[in-house]
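Here is a walk through some local features of one chain, with an eye on its rings, strands and loops. Have the viewer open as you read.

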Amino acid sequence: MKFFVCCHKLENVKYKERDIIERVIIIEYSGKNSHIIDEILEKLKNHPDFNFLWSEHNPMLSLPGLEIDQMQRKVYCNSQEIKLTTKEYDLLCLLAANKGRVLTYDQIYQKIWKEEAFGNANNAIACHVHNLREKIGRLLPKGCFIIRCVREVGYCFEADSECIAAT
């Protein structure tokens with residue numbers, strides 16, 4: 001997603017030293033079929049009373065005490081970066097995005113490995129879950145984040161907000 005902000009200078013709000021802003025327009029668009037947006041922008045760019053600010057959408061998955069920066073593929077626990085492997089990172093994103101939902105072994109394997117589960121797929125997932133528990137557990141008190149095993153089904157990511165608020 002891309003965003004742009006258009007500021008119309010008038011007399012009600014100070015902007016910089018002398019300029020005034022009365023209206024701010026924020027538009028979000030995906031870039032698909034953006035010819036209408038392009039036409040609007042072209043008209044506004046040629047008008048002297050409009051200023052533009054551009055921004056790229058930076059998706060951040062935030063939970064109390066844990067932030068996942070999806071653009072940088074980095075994870076922070078209480079502002080300290082956690083070093084994860086590619087599979088650990090992908091698994092954490094998948095589980096955290098589906099917080100409270102049980103994901104089956106097949107669902108997890110298909111999303112992370114992008115192929116049908118076969119052989120010891122459950123063991124591969126269990127190994128990565130174990131590593132995530134270790135790495136997150138070092139930085140947060142026990143029980144704040146739980147990657148719960150649902151026997152013979154899959155895993156569920158749960159966060160205890162009371163526990164995290166106490167940290």
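Let's start with what counts as an aromatic pair: rings of Phe, Tyr and Trp (its six-membered ring) pair if their centres lie within 6.5 Å. Bear in mind that this is a predicted model.

**Rings**

With that cut-off, a search of the whole structure turns up 3 aromatic pairs. One of them is Y105 with Y155, an edge-to-face pair with 5.7 Å centre to centre and 85° between the planes. This pair ties together distant parts of the chain: Y105 belongs to helix α3 and Y155 to strand β10 (residues 154-159), 50 residues apart. Both Y105 and Y155 are buried.

Now look at Y109 and W113. Why is this pair called stacked? Planes under 30 degrees apart count as stacked, and the Y109 and W113 planes sit at 10°, with ring centres 4.6 Å apart, so the pair qualifies. Y109 and W113 are 4 residues apart in helix α3, so about one helical turn separates them. Their surroundings are described by different terms: Y109 is buried, with a relative accessible area of 7%, while W113 is partly exposed at 21% relative accessibility. Which residues make up the aromatic cluster here? Y109, W113 and F118 form one cluster.

**Strands around β10**

Strand β10, home to Y155, has strand partners to look at too. Strand β8 (residues 102-104) runs antiparallel to β10, and 3 bridges join them. Within this pairing, L103 stands opposite Y155, the residue whose ring pairs edge-to-face with Y105.

Strand β9 (residues 145-150) also pairs with β10 in the antiparallel sense, over 6 bridges. There, I146 is found opposite E158 of β10. The hairpin of β9 and β10 has 3 residues between the strands, and E152 takes a positive phi near 60° in this hairpin.

**Positive phi values**

Why bother pointing out a positive phi? Because most residues other than glycine have a negative one. Besides E152 in the hairpin, two loop residues deserve a look. R73 has a phi near 55°, and its place is the loop between β5 (66-69) and β6 (74-77). K114 also has a phi near 55°; K114 lies in the loop between α3 (105-113) and α4 (121-137).

Is R73 buried, partly exposed or exposed? R73 comes out as partly exposed, because its relative accessibility is 41%. For K114 the figure is 68%, so K114 counts as exposed.

**A buried loop residue**

Finally, go to L140 in the loop between α4 and β9. L140 counts as buried because its relative accessibility is 5%. What does L140 touch, leaving aside residues up to four places away in sequence? Its contacts are C77, N78 and F145. The C-alpha atoms of L140 and G65 are separated by 8.0 Å, although the two residues are 75 residues apart along the chain.

Here are the accessibility values side by side.

| Residue | Relative accessibility | Class |
|---|---|---|
| L140 | 5% | buried |
| Y109 | 7% | buried |
| W113 | 21% | partly exposed |
| R73 | 41% | partly exposed |
| K114 | 68% | exposed |

Terms used. Residues numbered from 1 in each chain as written. Predicted model: local features only at pLDDT ≥ 70, side-chain atom pairs only at ≥ 80, totals over all residues. Heavy atoms only, no water. Buried < 20%, exposed > 50% of the residue type's maximum accessible area, 1.4 Å probe, protein only. Phe/Tyr/Trp six-rings, centres within 6.5 Å; stacked < 30°, edge-to-face > 60°. Pairing = 2+ DSSP bridges. Contact = heavy atoms within 4.5 Å.
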